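Let's take a walk through this model together, starting at one loop and working outward. Keep the sequence and the coordinates open beside you as you read.

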Amino acid sequence: MNYVRKRLMFLSLCGLILLTGLFYQASQNPSKEAVQVAAGYPVVETGRQAPSVDLPGLDGQTYNMETFSGKPVLFTFFSSWCGICQEELPKLSRYYEEKKDTLNIVAINATTQEYNKEDVKQFVQQAKLSIPVLLDEEGEGIEAFSVTGVPVSFLLDENGIVMDTYYGPIDQSKLEEALGM
């Protein structure tokens, strides 16, 4: 009988320790960056200055990331073969048309992941994108922003500070919530 009582006390103590650990873990609120790092995503840190790279546009001009400062900007990396990107970019382009006085939206093509550069031009024409489209032909933007897949978007404030990172599609409500609109 004494043996059963000791064993029951031991199991009760183990259960209490386990529950305490679970409650402690649940009470902690890890930052979004910590979750992304744990999931294997390298992260451009929120609250830090965004990297600056020079990239050519489809229009033939070269753009620096600072070109778009002065108002918040959403840089979204895409590929023409990406199904999610094909759905997302026309929506972002229409949203840009509504908000272009208060928000810049720039599409950056992960050109190193394309089969053919002409596919990018054809996609932009078919989708009737009104947003600036930059070509990351050497992978400088991908490396600077630690892009591991597309689509991924980085929301910067008017001073070029990273406000948020979005892996996968971003919709209007997420964007407006981050911008306080």
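Leaving aside residues up to four places away in sequence, Asp 157 touches Lys 71, Pro 72 and Met 163. Bear in mind as you look at these contacts that the model is predicted. Asp 157 sits in the loop between S6 and S7, and the pairing with Lys 71 spans a long stretch of chain: the two residues are 86 apart in sequence, yet their C-alpha atoms are 6.6 Å apart in space. Is Asp 157 buried or exposed? Its relative accessibility is 17%, and because buried means under 20%, Asp 157 counts as buried.

The two strands on either side of that loop are worth a look next. Strand S6 covers residues 152-156 and strand S7 covers residues 162-167; they run antiparallel and are joined by 5 bridges. For one pairing to find on screen, take Leu 155, whose bridge partner in S7 is Asp 164. The hairpin has 5 residues between its strands, and within this hairpin Gly 160 takes a positive phi near 85 degrees.

Glycine is not alone in showing a positive phi here. Ser 146 has one of about 55 degrees although it is not a glycine, and you will find Ser 146 in the loop between H5 and S6. With a relative accessible area of 25%, Ser 146 is partly exposed, because that value lies between the 20% and 50% cut-offs. Lys 128 also has a positive phi of about 55 degrees without being a glycine. Its place is the loop that links helix H4 (117-127) to strand S5 (133-135). What is the relative accessibility of Lys 128? It comes to 69%, and since exposed means over 50%, Lys 128 counts as exposed.

While you are checking backbone angles, go back to the loop between helix H5 (140-144) and S6, where Pro 151 has its place. The peptide bond leading from Val 150 into Pro 151 is cis, with omega near -5 degrees.

Now for the pocket. The largest pocket has a volume of about 220 Å³. Which element gives the most to its lining? That is helix H3 (residues 83-99), with 8 residues. Among the lining residues are Ile 84, Glu 87, Lys 91, Arg 94 and Tyr 95, and further along the sequence Pro 169, Ile 170, Asp 171 and Gln 172. Sorted by class, the lining has 6 charged, 5 nonpolar and 1 polar residues.

The cysteines make a short stop. The structure holds 0 disulfides. Cys 85 has 0% relative accessibility and therefore counts as buried, the cut-off being under 20%. Cys 14, at a relative accessible area of 35%, is partly exposed.

Finally, step back to the whole chain. The secondary structure comes to 6 helices and 7 strands, and along the sequence these follow the pattern α-α-β-β-β-α-β-α-β-α-β-β-α. Of the 181 residues in the protein chain, 38% are buried. Among contacts with a separation of 6 or more, 72% are between residues 24 or more positions apart. The contact where we began fits that range, as Asp 157 and Lys 71 lie 86 residues apart in sequence.

Definitions and conventions
Residues numbered from 1 in each chain as written. Predicted model: local features only at pLDDT ≥ 70, side-chain atom pairs only at ≥ 80, totals over all residues. Heavy atoms only, no water. Disulfide = S-S within 2.5 Å. Buried < 20%, exposed > 50% of the residue type's maximum accessible area, 1.4 Å probe, protein only. 1 Å grid on protein atoms, 1.4 Å probe; cavity = no way out; pocket = protein on both sides within 12 Å on 5 of 7 lines; lining within 4 Å. Points joined across faces, edges and corners; volume = space filled by probe spheres on them. Helix = DSSP H or I, 4+ residues; strand = E, 2+ residues; numbered from the N terminus. Nonpolar A, V, L, I, M, F, W, Y, C, P; charged D, E, K, R; others polar. Pairing = 2+ DSSP bridges. Contact = heavy atoms within 4.5 Å.
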